[in-house]
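This report describes selected features of one protein model for a reader who has the sequence and the structure at hand. Please keep both in view while reading.

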Amino acid sequence: MTTPIVDTAVSRPIAPADPSRGRFRPLGLSEVRLTDGFWAERQRRNAAATIPHIRARLESEGWLGNFDLAAAGDLPEGRRGREFSDSEVFKYLEALAWELGREPDERSEENFRAVVARVAAAQEPDGYVNTMFGRPGQAPRWSDLEWGHELYCLGHLFQAAVARHRTRPDADDGLIGVARRAADLVCRTFGEGGIERVCGHAEIEAGLAELGRALGEPGYIDQAALFVERRGHGTLADIEWGRVYFQDDVPVREADSLRGHAVRANYLAAGAVDVAVERGDADLLDAVRRQTSHAIARRTYLTGGQGSHHQDEAFGQDWELPSDRAYSETCAGVSSMMLSWRLLLSDGSPEHADLIERTLYNVVATAVGQDGTSFFYANTLHQRVPGEPADPESTSPRASSSSRAPWFDVSCCPPNVARTFAALGAYLATADDDGIQVHQYAGSEIRTILRPGVTVGVRVETSYPDAGDIRLVITESTGGPWSLTLRVPAWAVGATISDADGTRTAEPGTVSVRRSFAVGEEVVLTLPMAPRVTHPHPLIDAVRGSIAVERGPVVYALESIDLGADVDRAVVVGDPELDVRGGEILLRVGVRASEEASWPYGDAVDPVVEETRVRLIPYREWGNRGPSTMRVWIPR
């Protein structure tokens, strides 16, 4: 483990993760502010449309009302929603807390307090809070750890409390007290000598660890460690998909890869990193790095999406990455970001920020429609059948990837995206005693204290990813020399950096400039943004012989609206040819004849009847123009 950062003159960051030690410390919402460009616009839309939409649906679906029924003693009669619907209320609170920390708003503050009051009224005297279990007519507490999600829901409650504590530590709304009482109950119930089992859906681990950091309660971190160490010892019942579904098949320290249910796997790994960092446990941290590296190398889609099984929402085996069966759940993208960010803070490796960038642009951004009120649950890379437009008033039992839906019976994804966008500024940059490190590029302002007497500020000006120039203007620099470190993505071969000393090559990884900067001085990182053809690993059977197109961090797709035909009729003829015209990427393809046959096998024939140049679109934009078919990988 690295030496803890000494930051006695620095206030703790307003950020989702705040480890006590590591290579870097995060910069929070008071230190990094998105100002313009792609992510600032997404953040504004999140505040104006997505978060209010979530509140309205939590009300109309009755999921908020469940807490009122609990407070009145009327459960289980009238309860609505799945066993984990409480967690969506807690994720909404977390999203709103981060948003209030970014942009205080009186009406939003009133909404926040009103929801907290309803949750608090439903809490039992001993700290238990859940609307599905524990009351007359309901199953007993903790009686269904495989599927009940009680601890999972509490993990999200704890993360909401952390967001509130860090954005409004002086708030007297009661949420911190609710979380503290619930956490104390968990420690009494599941501590040494208590129920020595785990929750079927990991999340309590990261929630407890972060709550322990925020409130200065090491006992919560100890309990998180107990849950991590118990995982993999078969305390959960075996099921049709095996205990691997719960990550209860192999102890965390012994596993070779992330596996099973993709969201659960990432949440568990994130919690394990939290525990390892706080306890200085290098072996546990190395185990998570090993598993993560393996999953990225062999079980992750080009988009950064994870999960190739629909039935169990799980990772497949190595190289099992079928495009048309890609599940790539939005929540898996969010949880992957959480894990990557914790690893980045721990060891500083830019590859973690590379995956965050890929996942942000091609999973998380894809998940929300241009209206901010419709969502993908799964993010396939190949849509074979056009879907029907979703009814804006309906609730989807589980939306296929043919169209975005306004809400789901299982609506974990909308509030997960909302809390991510609300806190997005905290994922852009970090610091250490010597300088700041910029990991994600967006129009923003960064200002922080590095060490006593050294205050620095940078304004980031860019239209990235539309263009590759990232201009960093020094706005404050006191107390002597410091380092400005910039990430150079792995794909950015040929990048350059320009400053007062001239222009030089910036190899993939990181590049630093260190000196006593003058206010107004500029550093410009230029990333090559020409579109590029990407080939799959030869062991990925499902897309062997196909190509994809990328530009910067953005994956592109072919949509039937642009082809004028079903995308399954498109084929690349000869060597791939790309043109860029007016900012659009055109690919030369052949269009197969549409022929009926009584038997789909036989002699090879040339199926192409015409060739054309077709526009490709950023994958995140697909499905916004009506029902369509779509594919990322195009056969040759």
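In this report, two residues are in contact when heavy atoms of theirs lie within 4.5 Å. The model is predicted.

**The surroundings of R299**

R299 is located in the loop between α10 (282-298) and α11 (330-347). Is R299 buried or exposed? Its relative accessibility is 10%, and because buried means under 20% relative accessible area, R299 counts as buried. When neighbours within four places in sequence are set aside, the residues in contact with R299 are S257, L258, R259, H294, Q306, F315, G316, Q317, D318 and L321. Two of these residues also appear in polar pairs with R299. The side chain of R299 forms a polar contact of 2.8 Å with the side chain of D318. In addition, a polar atom of the R299 side chain lies 3.1 Å from the backbone oxygen of L258.

**Backbone features in loops**

The loop between α10 and α11 also holds W319. This residue has a positive phi of about 70 degrees, although it is not a glycine. W319 has a relative accessible area of 17% and is therefore buried. Q247, which is not a glycine either, has a positive phi of about 60 degrees. Q247 belongs to the loop between α8 (218-230) and α9 (262-279). With a relative accessibility of 1%, Q247 counts as buried. A further positive phi, of about 95 degrees, is found at G232, just after α8.

Two peptide bonds that lead into a proline are cis. The bond that joins L75 and P76 has an omega of about 5 degrees, and P76 is in the loop between α2 (65-72) and α3 (85-102). The bond from Y464 to P465 has an omega near 10 degrees, and P465 is in the loop between β7 (454-462) and β8.

The table collects the positive phi values.

| Residue | Angle | Place |
|---|---|---|
| Q247 | phi of about 60 degrees | loop between α8 and α9 |
| W319 | phi of about 70 degrees | loop between α10 and α11 |
| G232 | phi of about 95 degrees | just after α8 |

**Helix α8**

How far apart are the end C-alpha atoms of α8? They are 19 Å apart; at 1.5 Å a residue, the 13 residues of this helix should span 18 Å, so the two values agree. The buried residues of α8 include Y220, I221, Q223, A224, A225, L226, F227, V228 and R230. Among the elements that cover the buried residues of α8 are α5 (150-167), α6 (175-190), α7 (204-215), α9 and α10.

**The open sheet**

Seven strands form an open sheet, in which the pairing is antiparallel. Their order is β2-β6-β7-β8-β13-β10-β11. Which strands lie at the edges? They are β2 (32-36) and β11 (502-505), each of which pairs on one side only. On average, neighbouring strands of the sheet are turned by 20 degrees against each other, direction ignored.

Strand β13 (residues 522-526) can be followed through its partners. Strand β8 (residues 469-478) runs antiparallel to β13 and is joined to it by five bridges. In this pairing, D469 stands opposite T526, and L472 has V523 as its bridge partner. Strand β10 (residues 496-499) is also antiparallel to β13, with three bridges between them. Here T496 stands opposite T526. T526 thus faces D469 of β8 as well as T496 of β10. In general, the side chains of a regular strand alternate between the two faces of the sheet.

**Nonpolar cores**

In soluble globular proteins, nonpolar side chains tend to be buried together. In this model, the largest nonpolar core has 179 residues. The residues with the most contacts inside this core are L151, L154, F158, I436, L484, L486 and L527. Helix α9 gives the most to the core, with 12 residues. A second, separate core of 18 residues includes Y301, L321, V543 and W633. One of these, L321, is also in contact with R299.

L527 serves as an example from the largest core. Apart from neighbours within four places in sequence, L527 is in contact with Y441, Y464, G468, I470, V488, P489, W491, A492 and A495. Among these, Y464 is also the residue from which the cis peptide bond to P465 runs.

Definitions and conventions. Residues are numbered from 1 along each chain as its sequence is written. This is a predicted model: local features need pLDDT of at least 70, side-chain atom pairs count only at pLDDT 80 or more; totals for chains, interfaces and linings use all residues. Side-chain values use heavy atoms; hydrogens and water are left out. Two strands pair if DSSP finds at least two bridges between them. Helices (H or I, at least four residues) and strands (E, at least two) are DSSP runs, numbered from the N terminus. Axes are lines fitted to C-alpha atoms, for helices over the stretch in contact, and angles run from 0 to 180 degrees between N-to-C directions. Buried means under 20% relative accessible area, exposed over 50%, partly exposed in between (1.4 Å probe, protein chains only). A polar contact is a pair of N or O atoms within 3.5 Å; within protein, one must be able to donate a hydrogen and the other to accept it, and residues adjacent in sequence count only if both atoms are side-chain atoms. A nonpolar core is a set of buried Ala, Val, Leu, Ile, Met, Phe, Trp, Tyr and Cys residues joined through side-chain atoms within 4.5 Å. The expected span of a helix is 1.5 Å times one less than its number of residues.
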